[in-house]
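The following exercises concern one protein model. Each task is followed by a solution in steps.

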Amino acid sequence: MIPVSSSAIAAIGYDPDTRRMRITFTSGGTYDFCGVPEHVFTGFLHAPSKGSFYDQHIRDRYQC
């Protein structure tokens, strides 16, 4: 898990072999996302606003 600077997201992790991403929110919940392309994880990691990127590119997608 990689700690990130965000008011909504505390840390993100990614396994390229399984394409599984894990997100820990500042509210305390941790969730897995399946079938996530590596470019989505990379974009998320480098996005200036993690919350906006999550809302636009990850939320309601990649359910396990």
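**Exercise 1. Aromatic rings**

Task: determine which residues ring pairs link into a cluster, and classify two further ring pairs.

Solution. Step 1. Ring pairs link Phe25, Tyr31, Phe33 and Tyr54 into a cluster. Rings of Phe, Tyr and Trp (its six-membered ring) pair if their centres lie within 6.5 Å; planes under 30 degrees apart count as stacked, over 60 as edge-to-face and the rest as tilted. The model is predicted: local features need pLDDT of at least 70, side-chain atom pairs count only at pLDDT 80 or more, and totals for chains, interfaces and linings use all residues. Residues are numbered from 1 along each chain as its sequence is written, and side-chain values use heavy atoms, with hydrogens and water left out.

Step 2. The count of aromatic pairs comes to 5. In one pair, the ring centres of tyrosine 14 and phenylalanine 41 are 4.9 Å apart and the planes stand at 10°, so this pair is stacked. The pair links distant parts of the chain, since tyrosine 14 lies in strand S2 and phenylalanine 41 in helix H1, 27 residues apart. Helices (H or I, at least four residues) and strands (E, at least two) are DSSP runs, numbered from the N terminus.

Step 3. Tyrosine 14 and phenylalanine 41 are buried; the term means under 20% relative accessible area, with exposed over 50% and partly exposed in between (1.4 Å probe, protein chains only).

Step 4. For phenylalanine 44 and phenylalanine 53, the ring centres are 5.6 Å apart and the planes are at 15°, so this pair is stacked. Both phenylalanine 44 and phenylalanine 53 are buried.

**Exercise 2. The sheet and its helices**

Task: establish the strand order of the open sheet, and state which strands each helix touches.

Solution. Step 1. The open sheet has 4 strands in the order S1-S2-S3-S4, with antiparallel pairing. Two strands pair if DSSP finds at least two bridges between them.

Step 2. Strands S1 (2-3) and S4 (30-33) are at the edges with a single partner strand each, so one side of each lacks a neighbour in the sheet.

Step 3. Strand S2 (residues 9-15) and strand S3 (residues 20-25) run antiparallel and are joined by 6 bridges. Tyrosine 14 has methionine 21 in S3 as its bridge partner.

Step 4. Helix H1 (residues 38-46) packs on the sheet and touches S1, S2 and S3, with its direction at about 155° to that of S2. Helix H2 (residues 50-57) also packs on the sheet, where it touches S2, S3 and S4, and its direction makes about 55° with that of S2. Contact means heavy atoms within 4.5 Å; axes are lines fitted to C-alpha atoms, for helices over the stretch in contact, and angles run from 0 to 180 degrees between N-to-C directions.

**Exercise 3. Positive phi values**

Task: locate residues with a positive phi in the hairpins and in the segment after H2.

Solution. Step 1. The hairpin of S2 and S3 has 4 residues between the strands, and arginine 19 there takes a positive phi near 60°.

Step 2. The hairpin of S3 and S4 also has 4 residues between its strands; in the turn, glycine 28 has a positive phi of about 110°.

Step 3. Aspartate 60 lies in the segment after H2 and has a positive phi near 65°. Its relative accessibility is 67%, so aspartate 60 counts as exposed.

Step 4. Tyrosine 62 is found in the segment after H2 and has a positive phi of about 60°, although it is not a glycine. At 21% relative accessibility, tyrosine 62 counts as partly exposed.
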